[in-house]
Protein chains: 4
Amino acid sequence: MTNRLGLHANVWVRDWTRDSCTLAVNRTAELGFDLIEISAPDPQALDIAFTARELERAGISANLSLGLDEACDISSGDPVRMAAGEARLREVVAAAAELGSTHVCGILHSAFRKYSEPPTAAGIAGAVEVLRRTGEEAGRHGITLGLEVVNRYESNVLNTAGQAVEFCHRIGLPNVKVHLDSYHMNIEEADAAQAIVATGADLGYFHLGESNRGYLGAGSVDFPRLFAALVRIGYDGPLVFESFSSTVVGQPLCGILGIWRNLWEDGGDLARHARQFIETQLKTAREIGDEARRSALP
Amino acid sequence: MTNRLGLHANVWVRDWTRDSCTLAVNRTAELGFDLIEISAPDPQALDIAFTARELERAGISANLSLGLDEACDISSGDPVRMAAGEARLREVVAAAAELGSTHVCGILHSAFRKYSEPPTAAGIAGAVEVLRRTGEEAGRHGITLGLEVVNRYESNVLNTAGQAVEFCHRIGLPNVKVHLDSYHMNIEEADAAQAIVATGADLGYFHLGESNRGYLGAGSVDFPRLFAALVRIGYDGPLVFESFSSTVVGQPLCGILGIWRNLWEDGGDLARHARQFIETQLKTAREIGDEARRSALP
Amino acid sequence: MTNRLGLHANVWVRDWTRDSCTLAVNRTAELGFDLIEISAPDPQALDIAFTARELERAGISANLSLGLDEACDISSGDPVRMAAGEARLREVVAAAAELGSTHVCGILHSAFRKYSEPPTAAGIAGAVEVLRRTGEEAGRHGITLGLEVVNRYESNVLNTAGQAVEFCHRIGLPNVKVHLDSYHMNIEEADAAQAIVATGADLGYFHLGESNRGYLGAGSVDFPRLFAALVRIGYDGPLVFESFSSTVVGQPLCGILGIWRNLWEDGGDLARHARQFIETQLKTAREIGDEARRSALP
Amino acid sequence: MTNRLGLHANVWVRDWTRDSCTLAVNRTAELGFDLIEISAPDPQALDIAFTARELERAGISANLSLGLDEACDISSGDPVRMAAGEARLREVVAAAAELGSTHVCGILHSAFRKYSEPPTAAGIAGAVEVLRRTGEEAGRHGITLGLEVVNRYESNVLNTAGQAVEFCHRIGLPNVKVHLDSYHMNIEEADAAQAIVATGADLGYFHLGESNRGYLGAGSVDFPRLFAALVRIGYDGPLVFESFSSTVVGQPLCGILGIWRNLWEDGGDLARHARQFIETQLKTAREIGDEARRSALP
């Protein structure tokens, strides 16, 4: 298996105290995942040295993800917020570098919120500039930025893979790539598998989320086709499972994400199933790809 | 075909001036739809007598739909907003009665907004009470209320068919039924077709919307299975196509719905395709149902 | 997991010598399957005592399956062939009883061949009579007969679940049940998942086969829906994986089954994947079923 | 719509008498199809001049299809049968030329039968030689040969698109192309849509058949994905609907095809639905393809 498999920390914990860190890192490693994705907390809430030690002890790595808040909206066209956003992004890249992360991902290109107005060309151009500078800085640490394509209720900038490819091409850096998420693709893409194929080598990060953000397979997402597409393009980046339940996640995140019911109570059962689901789907997708080889004429 | 087929007025127009009314009613009828669904406007903006004449002339009927606004949130537990909501609902029921409508539907049970807190038991109990009184009033006019199940970003009260069935049972009126929408089901239901089967006779209204609210079939929704389920339960109520593009819909609705790109420019092409798509799917689903009959042993 | 998971012996071996028996039983048990399905060989080729010891040692059980040949066609209306078929069926039931099998399954109702004429009412009535007597005998040993529904190229009698339900009802015994196979359903059923639901408590045996008889998931079968249907009806009988490749299967079976290419070379890799695939699908299907429980209103 | 839409004559008639010809041609044209596909009858049974007049009068064209019989098996390696097969193929090409056909298609590469042995390299090499000569002759009349990929029960030579591409490349003529059929692909291909994409410009003919050969949509075939693939590769050749019911088709074809039950009684209803189904699917698939255009960033 060439893809590193990851788990979002919110399956285990809602914050990143030392206890949360130890619990989440241990359980992620126990289930055989290669990495944990941590929602980048405020600098004072992230004990980088402790986290790095726990990761090393457990033998896994960590990536950081974030959604910019409104005050840091680099797509706003507002110089104050753009500067605040750039500072926030650099802070997270610096933390990621200290943690030895390979990726920083999420809604890095705009605010993570329900907008009420469409984006502007000037706002997008500004976001491109900020991300070019941030991407260059990230590149100096060997870090790839993944710009997450999310649904219309979480951003007004990047809702489809096609938009993200164009956006990344405007930035023009090899380490600023498209971050796709099956949960969001289920809402926005006309053909999610084809969107993966069209993204191709521009794909840098992938979130596996079910349509209702619960158990993989218990929803609308056509995972067999998505895995077949990922295998077809030779995607070898991280595959990170993301799921949210009010059992773990508290406010304000429940409110931001719109989590109004418990989709699961036992994160361990959920994650164990996810691990096996992903592994089985990958194996199946590879067999589909190998069929051609078996069809040779005598 | 026993189901009446309908079209949402937003495919043609963004408001309900006399010109808009004439245009929308004419084009809906021309394409062979049986009814038009109108977003219930403010009372002063709805010329009921004129609308009724246009409908009669064109030979189609109209249903009214609405989403309560925050000041009218009957799930808020706040007596002032509950009273305002009840007044608004009664006003729309009265207009529908004058128009000869058979259904009033939409987010009648809470506000149409992105909530940041989960619903409360008291708020839901209050909404049940208001809707019981409103439902009784609607019943006196032969009108069915359809309580629309929407995704987590549009309400925190009814996100799944199962919740809506329970909610309707609490109300306990034969003319207050579940209103399902394939767009929202695609996000929330673990198995949308099975949710339709489980709703069964409680289903009173059905919106056909694609996963990205564009052309039917050009998205994630597994329509063949949904139509098979609708046929299996013998659903004979309205089937109404809903689609939104910034080409027609302006602010504030674009902002509320999160419409950031044009999914189509030509509403006529869109609606003609939808009409044929629905008809073909219904016929196909009926053939699936008839297969059993053809499998008799000699 | 309440279903016993099984594997068809043809994944490992083409015959049932002592060496084949030991190999197939060991490898099936090693991979965590609960039972092995053996194509009932000629009586002289089946060392029942040896097989029983090997099964006991390995801690798994065995079921026997067969397809009647033309000389034993109990649907032929020909008394000679009917008598030969009844004798063959009784012989296999007797062997199964000695092995402690719970099920005898397969094309027990007609010949396993490409027919060129449709079945006759008299032929079918004769098959019903033979199977009633055989079923009574099987019942005395606690054995269930599973009548396999196969595609049009393998029998002209039972091609759909609906036909098989009617056929079993004509027999009228609680231990003569419908045996469905996803490979065949993919060809014949208008809606395979719904066919499982309609079969309900009449379902007694289930073969998991991909559309091209290769790796599960690498074909046309919509397994998530089939597993959801199996869970929905509370099916708790055997789930047996079946796959054929010319790597293992020789003549004449390759010719009978139409196996013209290698769909796999490594039966161990295939079976290990199948075991994990089935387990994951079952778990996923159960989570879909549990969603309703999680949708309670406050 | 750039693809010509066609209908197989067996939807209407089982033979090709003058009455059958008139009926089939008229009804095909009435439903708006562009062409009829006729199973090439024995030369004495085909009144070419009459058929040509009927076609011209009705304003449609005809293609001829056939499956070689065992005595004409050009993949047999037997010089006598190869010569008989080549003569038969040339006879059909000549008839097609007189009719003004653009395509001759079907199982041109081997016998249309249930084989009991795998193909041989020498047999395949012989078939390639015969088809190269036949293809050159066809090319002189502007006719394309479509080599149909069928399931394992109908031939042992070409069961997958991949095999057919390789086979056509061995022939090496621009007018000898791959003929795919969704009915057969449903059984043999690991990923039917991807097989279409991989065939690409080598695709020359396409049969639309449901998994049980009945109503389109009432079976296992994932038509939305297949149409999306056809549109993606820019396929602009014929799309021909094929369906068989014992209502129309008599012996020996029922026996050859394994048709044991009536999947429909009313060919007109079936074909009208097929016409609308195909048109709707094509339109939908084109909208999926157009989505990218709509995702441009501001």
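Two residues are said to be in contact when heavy atoms of theirs lie within 4.5 Å. The model to which this term is applied here is a predicted one.

A single residue of chain D makes a useful starting point. Ser245(D) is found in the loop that joins β8 (239-241) to α9 (253-257) of chain D. Apart from neighbours within four places in sequence, Ser245(D) has contacts with Ile259(D), Asn262(D), Leu263(D) and Trp264(D). Is Ser245(D) buried or exposed? The relative accessibility of Ser245(D) is 0%, and the residue therefore counts as buried, since the term buried applies under 20% relative accessible area. A residue elsewhere in the chain gives a sense of distance: Ile60(D) is 185 residues from Ser245(D) along the chain, and the C-alpha atoms of the two are separated by 24 Å.

A second loop residue, this time in chain A, may be read in the same manner. Asn156(A) belongs to the loop between β5 (144-148) and α5 (161-171) of chain A. With a relative accessibility of 4%, Asn156(A) also counts as buried. A polar atom of the Asn156(A) side chain lies 2.7 Å from the backbone oxygen of Glu117(A). Once neighbours within four places in sequence are set aside, the contacts of Asn156(A) are with Tyr115(A), Glu117(A), Pro118(A), Pro119(A) and Trp260(B). The last of these residues belongs to chain B, and Trp260(B) will appear again below.

The loop of Asn156(A) leads to the helix α5 of chain A. Which residues of α5(A) are buried? They are Ala161(A), Gln163(A), Ala164(A), Val165(A), Phe167(A), Cys168(A) and Ile171(A). The cover over these buried residues includes the helices α4 (121-140) and α7 (192-199), together with the strands β4 (103-111), β5 and β6 (176-181), of chain A. After α5(A) comes Gly172(A), which has a positive phi near 75°.

Attention now turns to the places where chains meet. The size of an interface is often given as the accessible area lost when the parts come together. For chain B and chain A, the buried area is about 2,800 Å², with 44% of it on carbon and sulfur atoms. Arg152(B), Tyr153(B) and Trp260(B) account for 30% of the area that chain B buries against chain A, which is more than any other three residues supply. The contact itself involves 35 residues of chain B and 35 residues of chain A.

The polar side of this interface can be described next. Between chain B and chain A there are two salt bridges. In a salt bridge between Glu188(B) and Arg261(A), the N to O distance is 2.8 Å. Across the interface, 27 residue pairs are in polar contact. Two elements of chain B, α6 (182-188) and α9 (253-257), give two or more residues each to the side that touches chain A. The largest share, five residues, is that of α6(B). By type, the residues on this side of chain B comprise twelve nonpolar, 15 polar and eight charged.

How is chain B placed relative to chain A? A rotation of 180°, with 0.0 Å of shift along its axis, superposes chain B on chain A with an RMSD of 0.0 Å. This is the relation of a two-fold axis. Of the interface residues of chain B, 100% are also interface residues in chain A, so the copies meet through the same surface.

Chain A also meets chain D. Here 22 residues from chain D and 22 residues from chain A take part in the contact. The area buried between chain D and chain A is about 1,900 Å², and carbon and sulfur atoms give 59% of it. Chain D and chain A are joined by two salt bridges. Asp191(A) and Arg232(D) form a salt bridge in which the closest N and O atoms are 3.5 Å apart. Eight residue pairs are in polar contact across this interface. On the side of chain D that touches chain A, α4 (121-140), α5 (161-171) and α8 (223-232) of chain D each supply at least two residues. The element that gives the most is α5(D), with four residues. The residues of this side divide into eleven nonpolar, five polar and six charged.

A turn of 180° and a shift of 0.0 Å along the axis lay chain D on chain A with an RMSD of 0.0 Å. The same surface serves both copies, as 100% of the contact residues of chain D recur in chain A.

Methods. Residues numbered from 1 in each chain as written. Chains lettered and ligands numbered in written order. Predicted model: local features only at pLDDT ≥ 70, side-chain atom pairs only at ≥ 80, totals over all residues. Heavy atoms only, no water. Buried area = accessible area lost by both parts, 1.4 Å probe. Salt bridge = Lys/Arg side-chain N within 4 Å of Asp/Glu carboxyl O. Polar contact = N/O pair within 3.5 Å; in protein donor to acceptor, adjacent residues only side chain to side chain. Nonpolar A, V, L, I, M, F, W, Y, C, P; charged D, E, K, R; others polar. Least-squares fit on C-alpha atoms with pLDDT ≥ 70 in both. Buried < 20%, exposed > 50% of the residue type's maximum accessible area, 1.4 Å probe, protein only.
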